[in-house]
Amino acid sequence: MLKTIATSQAPAAIGPYSQAIVFGNLLFTSGQIPLKADGQLVEGGIREQAEQVFRNLEAVLKEAGTGFGQVVKATVFLKDMAQFPELNEVYGAWFQNHKPARSTVEVARLPKDVLVEIELIAAINVE
């Protein structure tokens with residue numbers, strides 16, 4: 001059975017998709033970009049944008065009853081792979097000692113011309 005996850009603490013979907021879907025004991029988030037919950041784009045460089053992406057992901061994870069310690073896979077889309085070291089510092093601060101599997105790819109363009117988009121797969125407790 002599928003369950004849709006939605007929270008007002010992260011930006012609403014800007015298309016025909018959900019913030020996240022639960023299937024079994026797994027949560028699949030849609031890619032989050034650096035929009036505030038009110039839909040305003042975060043200005044600044046990769047650090048500022050990545051921080052907002054992680055705040056959005058945190059809100060979605062929390063709404064589903066899980067957290068960064070339960071993430072099993074992350075996919076990171078970067079506009080410029082030269083920004084990977086800075087992104088990695090922000091990423092490491094959010095995951096701390098937990099090290100989920102991860103893929104990072106450079107892409108030609110992201111929605112709203114942002115610098116980063118991240119999606120997650122996380123385990124959740126089934127009640």
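Two rings of Phe, Tyr or Trp (for Trp, the six-membered ring) make a pair here if their centres lie within 6.5 Å. By that yardstick this structure, a predicted model, holds seven aromatic pairs. One of them is Phe54 with Trp94, a stacked pair with 5.7 Å from centre to centre and 15° between the planes. The two rings come from distant parts of the chain: Phe54 belongs to helix α1 and Trp94 to helix α2, 40 residues apart. Stacked is the right word because the planes need to be under 30 degrees apart. Phe54 counts as buried, since its relative accessibility is 0%. Trp94 also counts as buried, at 19%, and the cut-off for that label is under 20%. Both rings belong to one aromatic cluster, made up of Phe54, Phe68, Tyr91, Trp94 and Phe95.

**Helix α1**

Let's take the helix that carries Phe54. With 18 residues at 1.5 Å each, α1 should span 26 Å, and its end C-alpha atoms are indeed 26 Å apart, so the two agree. Its buried residues are Ile46, Gln49, Ala50, Gln52, Val53, Phe54, Asn56, Leu57, Ala59, Val60 and Leu61. And what do the buried residues of α1 pack against? They pack against the strands β1 (2-5), β2 (20-23), β3, β4 and β6, and against helix α2. After α1 comes Gly65, with a positive phi near 85°.

**Helix α2**

Now for the partner. The twelve residues of α2 should span 16 Å at 1.5 Å a residue, and its end C-alpha atoms are 16 Å apart, so expectation and model agree here too. Which residues of α2 are buried? They are Leu87, Val90, Tyr91, Trp94 and Phe95. These cover an arc of only 130° around the axis, which puts them on the same side of α2. There is a simple background to this: an α-helix has 3.6 residues a turn, so residues three or four places apart point the same way. The cover over the buried residues of α2 includes α1 (46-63), β4, β5 (101-106) and β6 (116-123). Just after α2, Gln96 has a positive phi of about 50°.

**Salt bridges**

Charged side chains tie the two helices together as well. The salt bridge count comes to three, and here they are:

| Salt bridge | Closest N to O distance |
|---|---|
| Arg47 and Glu86 | 3.5 Å |
| Arg47 and Glu89 | 2.8 Å |
| Asp113 and Arg109 | 2.6 Å |

Arg47, Glu86 and Glu89 are joined into one network by salt bridges that share partners. Arg47 sits in helix α1 and Glu86 in helix α2, 39 residues apart along the chain. Glu89 is in helix α2 too, 42 residues from Arg47. How accessible are these side chains? Arg47 counts as partly exposed, at 33% relative accessibility. Glu86 is partly exposed at 33%, and Glu89 is partly exposed at 48%. As for the remaining bridge, Asp113 is partly exposed at 42%, while Arg109 counts as exposed, at 64%.

**Thr29 on strand β3**

Thr29 is a residue of strand β3 (residues 26-29). Is Thr29 buried or exposed? Thr29 is buried, because its relative accessible area is 8%. Its side chain reaches the backbone nitrogen of Leu120 at 2.8 Å. Neighbours within four places in sequence aside, Thr29 is in contact with Gln19, Ala20, Leu57, Val60, Glu119 and Leu120. Two of those names, Leu57 and Val60, are also among the buried residues of α1, and β3 is one of the elements those buried residues pack against.

**Met81 in the loop before α2**

The last stop is Met81, in the loop between β4 (71-78) and α2 (84-95). Its relative accessibility is 31%, so Met81 counts as partly exposed. Where does the chain come back to Met81? Glu106 is 25 residues away in sequence, yet the C-alpha atoms of Met81 and Glu106 are 5.6 Å apart in space. Besides neighbours within four places in sequence, Met81 is in contact with Thr104, Val105 and Glu106.

How values were computed
Residues numbered from 1 in each chain as written. Predicted model: local features only at pLDDT ≥ 70, side-chain atom pairs only at ≥ 80, totals over all residues. Heavy atoms only, no water. Helix = DSSP H or I, 4+ residues; strand = E, 2+ residues; numbered from the N terminus. Buried < 20%, exposed > 50% of the residue type's maximum accessible area, 1.4 Å probe, protein only. Contact = heavy atoms within 4.5 Å. Polar contact = N/O pair within 3.5 Å; in protein donor to acceptor, adjacent residues only side chain to side chain. Expected span 1.5 Å × (residues − 1). Arc of directions from axis to C-beta. Salt bridge = Lys/Arg side-chain N within 4 Å of Asp/Glu carboxyl O. Phe/Tyr/Trp six-rings, centres within 6.5 Å; stacked < 30°, edge-to-face > 60°.
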